[in-house]
Amino acid sequence: VQEEFVIRLLNLLQDVDIEVWYFDETTVNLWDYSEKVWMNKKSPVIVQLPRQRGRSVTVLGAISNRRRLVLWQTNTTTDKDTVYDFFKMFVRKKSKSLHKVVVLDNHGAHKTNDLRSLLELNNAELFFLPSSSSPLNAVEVLWAQLKKLWRTNMLKIGRSLEPNEADIFLKELIRKHLLQEGMKLSTAHYTALKYVLEGGHV
C-alpha cells in the first residue's frame, strides 16, 4: 500500500500543473520544563512537577512542494469544525488556477463530506496517507523541528506565554528558522519515499 502511495505521489510532484500540499496538526504547551538538572549528589533536591502542563496551542499547517506555507492556530481541540475552518482560510489564500492535492492522514476530522466538497469547489482534492505512514508526510518533519525549537526557546524564556505571545513566537520560529531548513525537510522526505520504493516500510 505504501509503495502505491509513493508512486502516485511522485507522479503528482512531477506535474507542473499541480501543487502538492502536506497538512497536519501539532500541539505545543505554553510552558515547559527540563526533565534533567544538575545537582549535588550528596544533597539532592526533590522537585514536585505538576502532572499537567497547563494551557496549550494547537497549530494547523500545510507546506507545499513549492515551499509555501499556511498556518493557523487555535486554543481548542482539533475537530471537524476546526479543520474545516482552516481549509476555508486555505482556499481563500490560494489561487484556484493551480490544482492542489492535499496529503494528510486518516483522522476522522479530515474525512468529512463538507471538507471534501469545499476542496472540490476550489480546484483541490484530498490524498490520504496509508495507515501508520507519517514519515511520508513532509509536514511531520516540520513539526518535529518546531517542537525541538519551541522547547529549547521555552526553557530559555522560563515562564508561561500568553496566547497572543505564543502566536507571535510560533510564527517567528517557523518563518525564521524552519523555512531555512527547506533543503533538509526535502531530503528527509525524499529519503523516506526512496526507502519505500526500495521495499522498505516506514
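S132 is exposed, with a relative accessible area of 65%; exposed here means over 50%, buried under 20%, and partly exposed in between (1.4 Å probe, protein chains only). This is a predicted model, where local features need pLDDT of at least 70, side-chain atom pairs count only at pLDDT 80 or more, and totals for chains, interfaces and linings use all residues. Residues are numbered from 1 along each chain as its sequence is written, and side-chain values use heavy atoms, with hydrogens and water left out.

S132 sits in the loop between β5 and α4 (138–157). Helices (H or I, at least four residues) and strands (E, at least two) are DSSP runs, numbered from the N terminus. Although not a glycine, S132 has a positive phi. N123 isn't a glycine either, and its phi is positive too. Here are the two:

| Residue | Phi | Relative accessibility | Loop |
|---|---|---|---|
| N123 | about 55 degrees | 28%, partly exposed | between α3 and β5 |
| S132 | about 55 degrees | 65%, exposed | between β5 and α4 |

N123 comes just after α3, so on to that helix. In α3 (residues 113–121), L115, L118 and L119 are buried. They cover an arc of only 90 degrees around the axis, so they sit on the same side of α3; the arc is that of the directions from the helix axis to the C-beta atoms. Over on the other side, N113, E120 and L121 are exposed. The cover for the buried residues of α3 includes α2 (80–93) and β5 (124–128).

Then there's T58, in strand β2 (residues 56–64). T58 counts as buried because its relative accessibility is 7%. Beyond its neighbours within four places in sequence, T58 is in contact (heavy atoms within 4.5 Å) with residues including E25, W72 and T78.
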